[in-house]
Amino acid sequence: MTDEHDSGEDAHDEPERETFEHDPVGHAEARAGMTVGELADEYGNAGVGAANLHEAVDVTEAMFDDDVTVFFGLAGAMVPTGMRRIVADLIRDGYVDALITTGANLTHDSIEAIGGKHHHGCVQAEGKTEREHDETLRDEGVDRIYNVYLPQEYFATFESHLREEVFPVLEEDGVVSIRRLTEELGRANAAVNEREGVEEGPGIAAAAYENDVPIYCPAVQDSVLGLQAWMYSQTSPFSLDALADMTDLTDLAFEAEEAGAFVVGGGVPKNFTLQTMLVAPSAYDYAVQLTMDPKQTGGLSGATLEEARSWGKLEKDAENVSVYADATITLPLVVAAARERLE
């Protein structure tokens, strides 16, 4: 005869759960006076994107160790949207060993270095359609990057800067690497910034030049910087060798005892950063990706870091995390929290 009491207890026994770990979600606290690091720790109590951001801080902290060679991929419009100083400070303070970025970011970085400014704007003016608003901006000589404005005369100033301060020095060498171009750009930006007493700092390229951090710009042609380089090459011995950087970048990856990839956005900088490990004896040990690109398109920009592992770009046991949100929000949070822990 079955004991009903015992049977009842058996019915309430918890089933064995192979993939369940008893780690209940907590409730994040947000209080006055918290540091960024403390807020990031609170994110660790929560779920969804908050948990991912907390993990990104953990991986970034490990990646920024002195023994890890850090490759920083910077895509998108991160400079005109106000992320310039964060990246420059990371370089200046020794957290970045190589920067892979776009010609657009270097163009906007240089504009700020020599006295130009980006301005707060709007996506659509009151009483106008978005198209009518942009037609007005066109008539007024203002370029729009979402809700950021840039007067076109700053591009003219930048073009003069290149022709007077950068290209003539490189012309003596004839064909040069893109890295050599970015070095000279950083030197010129720093020199003009100091000479003219520009209130804004000299920026990313200058910080890289002054701290011997190489900048690789594999799609430099896709920018005003690249366009001006091509125009100058039509009437001078100066030209760019797009393959020349591959040896330096590969050597850096080959010699790294441990390597980390911090990737902001997608596109060419992301792929160029990750594919470097395809010709190295090992792969990335750490990787953080800040993006809004979805994986469902099958494109590179949205490809997950797990997918990169299948290619041999990440070690099988690599620590990696992706945060899906606007990088102008997540980059300052992740960097500030990681630096707070380290410093």
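Reader: Which residue stands opposite Val-148 in S5?
Author: In this predicted model, S3 and S5 pair in the antiparallel sense. Two bridges hold that pairing. The residue opposite Val-148 in S5 is His-120.

Reader: In what order do the strands of the three-stranded open sheet stand, and which are at the edges?
Author: Pairing in this open sheet is antiparallel, and the order is S3-S5-S4. Each edge strand has a single partner, so one side of each is left without a neighbour in the sheet. The edge strands are S3 and S4.

Reader: Which residue of S5 does Val-142 stand opposite?
Author: Strand S4 covers residues 142–145 and strand S5 covers residues 148–151. The two pair in the antiparallel sense over four bridges. Opposite Val-142 in S5 stands Pro-151.

Reader: Which residue in the turn between S4 and S5 has a positive phi?
Author: S4 and S5 form a hairpin, with two residues between them. One residue in the turn has a positive phi of about 50°. That residue is Tyr-146.

Reader: In what order do the strands of the six-stranded open sheet stand?
Author: The pairing in this sheet is parallel. Strand S7 (215–216) and strand S11 (314–324) are the edge strands, each pairing on one side only. Read from S7, the order is S7-S2-S1-S9-S10-S11.

Reader: What is the bridge partner of Thr-69 in S9?
Author: Strand S1 takes in residues 68–74 and strand S9 residues 258–264. The two run parallel and are joined by seven bridges. In S9, the partner of Thr-69 is Ala-259.

Reader: At about what angle to S1 does helix H11 run?
Author: Helix H11 is made of residues 245–255. It lies across S1, strand S2 (98–101) and S7. Its angle to S1 is about 135°.

Reader: Is Thr-107 buried or exposed?
Author: Thr-107 has its place in helix H5, residues 103–113. Leaving aside residues up to four places away in sequence, Thr-107 touches Phe-155, Phe-158, Ser-223, Val-224 and Leu-225. Its relative accessible area is 2%, and buried means under 20%. Therefore Thr-107 is buried.

Reader: Which residues lie closest to the centre of the largest pocket?
Author: The largest pocket holds about 350 Å³ of space. Its lining is made up of 18 residues. The closest to the centre are Ala-77, Met-78, Asp-326, Ala-327 and Thr-328.

Reader: Which elements give two or more residues to the lining of the largest pocket?
Author: By class, this lining divides into 10 nonpolar, six polar and two charged residues. One strand and one helix give two or more residues to the lining. They are strand S10 (284–291) and helix H14 (327–342).

Reader: Which element gives the largest share of the lining of the second largest pocket?
Author: The second largest pocket has a volume of about 260 Å³. Of its 14 lining residues, Val-79, Pro-80, Thr-81, Gly-82 and Glu-112 are the closest to its centre. Helix H4 (79–92) and strand S3 (119–120) each supply at least two residues of the lining. The largest share, six residues, comes from H4.

Reader: How many charged residues are in the lining of the second largest pocket?
Author: The classes in this lining are nonpolar, polar and charged. Three residues are nonpolar and six are polar. The charged residues number five.

Conventions
Residues are numbered from 1 along each chain as its sequence is written. This is a predicted model: local features need pLDDT of at least 70, side-chain atom pairs count only at pLDDT 80 or more; totals for chains, interfaces and linings use all residues. Side-chain values use heavy atoms; hydrogens and water are left out. Two strands pair if DSSP finds at least two bridges between them. Contact means heavy atoms within 4.5 Å. Axes are lines fitted to C-alpha atoms, for helices over the stretch in contact, and angles run from 0 to 180 degrees between N-to-C directions. On a 1 Å grid over the protein atoms alone, a cavity is a set of points where a 1.4 Å probe fits but cannot get out, and a pocket is an open set with protein on both sides within 12 Å along at least five of seven lines; lining residues have an atom within 4 Å of a point. Grid points are joined across faces, edges and corners, and a volume is the space filled by probe spheres set on the points. Ala, Val, Leu, Ile, Met, Phe, Trp, Tyr, Cys and Pro count as nonpolar, Asp, Glu, Lys and Arg as charged, and the others, Gly among them, as polar. Buried means under 20% relative accessible area, exposed over 50%, partly exposed in between (1.4 Å probe, protein chains only).
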